[in-house]
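The following exercises train the reading of a protein model. Please attempt each task before turning to its solution.

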Amino acid sequence: MPTPLLIHEIDATRQWVRERQRAGETVGVVPTMGALHAGHLSLAEAATKGCDRVIATVFVNPTQFAPSEDFERYPRDLEADAKKLGDVGVDAVFAPSVEAMYPPGATTSIDVGSVARPFEGAIRPTHFAGVATVVAKLLLIAPADRAYFGQKDYQQTVVVRRMVADLNLPIEVVVCPTVREADGIAMSSRNAYLSADERQRALCLSQGLREAEQLHAAGERDASTLREAARKVITDTDGVELQYVAVLRDGTMDEVETVDAPAVIAVAARVGQTRLIDNVRLA
């Protein structure tokens, strides 16, 4: 497959999208922070199937990392990422500098409100303001028809949808299924930080979720029972620090007591020094 057009400038990116739309083509955008794996590429593949043209963004966004987090060591390899994106049919890649995205004196930040405050928001208080702000900027710079995100970052999808609706952004948000390794672990760029032993221990997240999913499939509807099933698998694993298990009404951050409608069970845990999240849908 041809190498995608690599664009670093904001005006050139907006022009590329608008020119395709003026030609009657639909454009999809896939926002990423690079370090691409099969999960990211599944979003790009969904975009190529759903749109005439696709642009991906590769930008490690500093405002969504707290000072103690892994911004500096977050893996970066734009050349490799561009090749992977080209191989699945992406037409262009927008890879801006930090200075382009946040010019000197930039102070605007987006607070998405209540959906950004619990769970991930409570543990990483500045995270979703950074996510919402950079996603809004990217959707204005690359004003596509559809934007593609992964279900693995469940709360992020809720935050992005809320932000898009509240700001009347003219774009459809498409959420695609989580992609997993053969052993069940959710694909994540941060999996690369795990040692071989930690990687084995990290399986408890998906195993705990699967336990809850199987209970639900067998007819269990009590959310506390489902939470406890997932919690036990995770907390029984040495070297894993559980941060939360939550059963939420699908598409929201509202906890439920009874699963009588589509729901999501979400978990977060620290395995060694690496923080991982995962979720499954209970339908």
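A residue is called buried under 20% relative accessible area, exposed over 50%, and partly exposed in between (1.4 Å probe, protein chains only). The model is predicted: local features need pLDDT of at least 70, side-chain atom pairs count only at pLDDT 80 or more, and totals for chains, interfaces and linings use all residues. Residues are numbered from 1 along each chain as its sequence is written, and side-chain values use heavy atoms, with hydrogens and water left out.

**Exercise 1. Overall form**

Task: State how many helices and strands the protein has, and compare its radius of gyration with the globule rule.

Solution.
Step 1. The protein contains 10 helices and 9 strands; these are DSSP runs, numbered from the N terminus, with helices being H or I of at least four residues and strands being E of at least two.
Step 2. The radius of gyration is 19 Å, close to the 19 Å that the globule rule gives for 283 residues, so the protein is as compact as a globular protein of that length. Here the radius is taken over C-alpha atoms, and the rule is 2.2 Å times the number of residues to the power 0.38.
Step 3. The C-alpha trace spans about 55 × 40 × 40 Å along the principal axes.
Step 4. Of the 283 residues, 51% count as buried.
Step 5. Take the contacts (heavy atoms within 4.5 Å) between residues at least 6 apart in sequence: 73% of them join residues at least 24 apart.

**Exercise 2. A salt bridge within one helix**

Task: Locate the salt bridge of Lys83 with Asp87 and determine how the two residues are placed.

Solution.
Step 1. A salt bridge is a side-chain nitrogen of Lys or Arg within 4 Å of a carboxyl oxygen of Asp or Glu. A search of the whole structure finds 19 of them.
Step 2. Between Lys83 and Asp87 the closest N and O atoms are 3.1 Å apart.
Step 3. Both residues belong to helix 3 (residues 78-87); because they are 4 residues apart, about one helical turn separates them.
Step 4. Lys83 is exposed at 53% relative accessibility, whereas Asp87 is partly exposed at 39%.

**Exercise 3. Salt bridges between distant parts of the sequence**

Task: For the pairs Arg275 with Glu120 and Arg281 with Asp250, identify the parts that are tied together.

Solution.
Step 1. The side chains of Arg275 and Glu120 form a salt bridge with an N to O distance of 2.7 Å. Arg275 is in strand 9 (residues 274-282) and Glu120 in helix 5 (residues 120-123), so this pair ties together parts 155 residues apart in sequence.
Step 2. Arg275 is buried, at 15% relative accessible area, and Glu120 is buried as well, at 5%.
Step 3. In the salt bridge of Arg281 with Asp250, the closest N and O atoms lie 2.6 Å apart. Arg281 lies in strand 9, while Asp250 lies in the loop between strand 7 (240-249) and strand 8 (263-271), so the pair ties together parts that are 31 residues apart in sequence.
Step 4. Arg281 is partly exposed at 43%, and Asp250 is partly exposed at 24%.
Step 5. Shared partners also join Glu25, Arg53 and Asp91 into one network of salt bridges.

**Exercise 4. Positive phi angles**

Task: Where in the chain do Ala35 and Phe119 lie, and what is the phi value of each?

Solution.
Step 1. Most residues other than glycine have a negative phi.
Step 2. Ala35, although not a glycine, has a positive phi of about 50°; Ala35 is placed in the loop between strand 2 (27-32) and helix 2 (38-50).
Step 3. For Phe119, also not a glycine, phi is positive and near 55°. Phe119 is found in the loop between helix 4 (98-101) and helix 5, and counts as buried at 16% relative accessibility.

**Exercise 5. The surroundings of two loop residues**

Task: Which residues are in contact with Pro96, and which does Ser188 touch, leaving aside residues up to four places away in sequence?

Solution.
Step 1. Pro96 is in the loop between strand 4 (92-94) and helix 4, and is buried at 10% relative accessibility.
Step 2. Its contacts, neighbours within four places excluded, are His8, Val58, Phe59 and Met101.
Step 3. Pro96 and Thr13 are 83 residues apart in sequence, and their C-alpha atoms are 9.8 Å apart in space.
Step 4. Ser188 is in the loop between strand 6 (172-176) and helix 8 (196-201). Ser188 is buried at 17% relative accessibility and touches His37 and Lys152.
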